Amino acid sequence: MTQATPTEHSRLVGGSTAARRIGCPGSHKREQIAPRSKGSSYAREGTLLHEMIAVVLDKGAAPEDLLPFTFTQPAKGVEEEWTLTVDRDLWNRLGRPALDMFDAFSAAHEEAEGTPLDYLVEESGEFPGIPGAFGTSDVPFRCGDVAGIVDWKFGRNYVSPVENKQLMFYFAAMREKYPAFFEGATRVMLVICQPQTNDEELAIWETTNARIDDYVLELQAAVQAAGHDDAPIARGPWCAFADCKAVCELHVGAAATLAGKLDDIQAGQTLRLDKDMADTRGVDLGDFLGEAMELGEMARDWAAHIAVLSQERLEAGLPVAGYKLVAKRSSGRTWSVPDEQVVSRLRSRGLKAAEYYVKKVITAPQAEKALKKIGKELPEEIVTMKDSTGFTLTREGDPRTKQDTTSEKAAALGVALLAKLKGFA
């Protein structure tokens with residue numbers, strides 16, 4: 001069977017690097033000298049699900065007939081060959097919800113437009129005006145007056161389709177390759193299907209062909225700028241998962257800058273606070289902590305990236321000065337014989353069945369999966385959402401609703417913060 005997902009990616013610019021080229025033209029030069037990652041287990045799981053869904057959509061195969069679905073990715077670049085399998089649990093958890101959302105989307109637009117929804121599967125195309133730039137679209141589609149791209153995302157981080165440079169790249173490439181397929185469509189929809197973050201709803205952004213035209217010019221200009229030695233660099237969300245941050249001055253420098261700020265904190269020299277948490281020299285604590293958070297995130301991401309590259313090098317048998325690989329700590333003792341032998345030996349020593357067997361009610365998610373297998377739904381009247389255990393820190397662009405705290409809680413937080421920042425008044 002021919003592999004559906006791309007076996008190679010454009011090093012100049014592709015869908016996944018388009019936002020980085022626009023936001024940081026200098027990233028291209030740094031990517032050429034940065035060590036490349038071998039990829040993560042999460043990325044491989046995503047590729048695996050892409051492959052199975054491609055077979056289902058392109059060949060009209062029934063998912064149940066394909067399970068278990070095993071896929072082998074040949075070695076490419078620095079990534080070694082790997083093999084993974086979609087079992088029934090993984091399919092029910094991520095694959096089936098994704099297809100259900102796509103089917104519902106197709107049916108809704110077919111009814112609205114009064115015509116069948118036509119689509120392509122894992123189609124590769126070149127970006128207009130940039131020789132050597134290409135990308136592979138998951139599902140380019142057309143239905144009456146509407147045309148667009150459906151993109152599968154199986155990770156745990158929400159991805160917004162609004163002004164999404166990756167999907168805009170794919171649409172421009174597909175429109176260039178198949179002009180007749182997209183001709184006459186006045187509505188452009190960029191759609192992200194992400195079952196781990198959006199439950200049963202697709203994330204959709206509707207735009208225009210004119211906006212795509214402007215984007216084409218924007219990316220062309222960014223790639224042209226990237227070809228110069230003095231191409232500008234800038235930090236931003238495009239830095240996530242970027243190999244170039246291992247050698248980028250901004251990320252390497254962030255670690256050193258953060259260390260200097262931490263030294264200032266320890267010495268009590270950065271801020272002097274009164275009881276109302278206001279800096280007596282006019283420096284706002286919120287601004288200071290915001291900057292420190294930014295530096296901390298960059299330093300953390302950079303350090304984690306370096307650690308991954310170092311471990312990959314050591315696992316390949318190459319040296320990393322001052323470091324070595326050791327076996328992970330054991331998670332504890334386990335049985336070395338089959339369960340029936342364990343039961344026999346424990347019984348012979350006087351334990352009763354209630355003492356060596358544990359019986360409890362399955363969880364709501366487990367029950368929902370079990371019921372889906374027999375075509376039934378979980379009774380909503382017997383389930384509820386768990387209470388939140390507190391607050392978590394995230395960036396302002398996160399789509400989740402901001403949680404307000406009472407003045408009493410804020411005051412308590414201030415006391416705790418002052419206690420943590422040693423050397424402050």
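A residue is called buried when its relative accessible area is under 20%, and exposed when that area is over 50%. The views below come from a predicted model.

**Figure 1. Strand E8 in its surroundings.** Strand E8 covers residues 187–193, and 6 of its 7 residues are buried, so the strand is largely enclosed by the rest of the structure. On one side E8 pairs with E7 in the parallel sense over 7 bridges. Within that pairing, Val150 stands opposite Val191 of E8. E8 also pairs with E9, here in the antiparallel sense and over 5 bridges. Leu190 stands opposite Trp205, a residue of E9.

**Figure 2. The open sheet that contains E8.** Five strands form an open sheet in the order E3-E6-E7-E8-E9, and their pairing is mixed. E3 (118–119) and E9 stand at the edges with a single partner strand each, so one side of each has no neighbour in the sheet. Strand E6 (residues 139–143) runs antiparallel to strand E7 (residues 146–152), and 5 bridges join the two. Phe141 has Gly148 in E7 as its bridge partner.

**Figure 3. Helix H8 and its buried face.** Helix H8 has 18 residues (209–226), which should span 26 Å at 1.5 Å a residue; the end C-alpha atoms are 26 Å apart, so the two values agree. The buried residues of H8 are Arg211, Ile212, Tyr215, Val216, Leu219, Ala222, Val223 and Ala226. Seen down the helix axis, the buried residues of H8 fall within an arc of 145 degrees, and therefore they line one face of the helix. Leu217 and Gln224, on the other side of H8, are exposed. The partners against which the buried residues of H8 pack are helix H1 (18–23), helix H2 (27–31), helix H6 (165–177) and strand E9 (203–207).

**Figure 4. Lys165 of helix H6.** Lys165 is located in helix H6. Its relative accessibility is 19%, so Lys165 counts as buried. Leaving aside residues up to four places away in sequence, Lys165 touches Ala18, Ala19, Ile22, Tyr215 and Glu218.

**Figure 5. Aromatic rings around Tyr215.** A pair of aromatic rings is described by the distance of the centres and the angle of the planes. The model has 10 aromatic pairs. In one of them, the ring centres of Phe127 and Tyr215 are 6.0 Å apart and the planes stand at 85 degrees, so the pair is edge-to-face. Phe127 belongs to the loop between strand E4 (123–126) and strand E5 (134–137), while Tyr215 belongs to helix H8, so this pair ties together parts that are 88 residues apart in sequence. Both Phe127 and Tyr215 are buried. Together with Phe169 and Tyr170, Phe127 and Tyr215 form one aromatic cluster.

**Figure 6. The ring pair of Tyr356 and Tyr357.** The ring centres of Tyr356 and Tyr357 lie 5.1 Å apart with the planes at 55 degrees, so this pair is tilted. Tyr356 has a relative accessibility of 17% and therefore counts as buried. Tyr357, at 53% relative accessibility, counts as exposed.

**Figure 7. Helix H5 and its kink.** Helix H5 (residues 88–113) has 26 residues and reaches 35 Å from its first C-alpha to its last, close to the 38 Å expected at 1.5 Å a residue. At Gly95, shortly before the proline Pro97, H5 has a kink of about 35 degrees. Gly114, just after H5, takes a positive phi of about 70 degrees.

Key
Residues are numbered from 1 along each chain as its sequence is written. This is a predicted model: local features need pLDDT of at least 70, side-chain atom pairs count only at pLDDT 80 or more; totals for chains, interfaces and linings use all residues. Side-chain values use heavy atoms; hydrogens and water are left out. Helices (H or I, at least four residues) and strands (E, at least two) are DSSP runs, numbered from the N terminus. The expected span of a helix is 1.5 Å times one less than its number of residues. Buried means under 20% relative accessible area, exposed over 50%, partly exposed in between (1.4 Å probe, protein chains only). The arc is that of the directions from the helix axis to the C-beta atoms. Contact means heavy atoms within 4.5 Å. The bend at a residue is the angle between axes fitted to the seven residues ending there and the seven starting there. Rings of Phe, Tyr and Trp (its six-membered ring) pair if their centres lie within 6.5 Å; planes under 30 degrees apart count as stacked, over 60 as edge-to-face and the rest as tilted. Two strands pair if DSSP finds at least two bridges between them.
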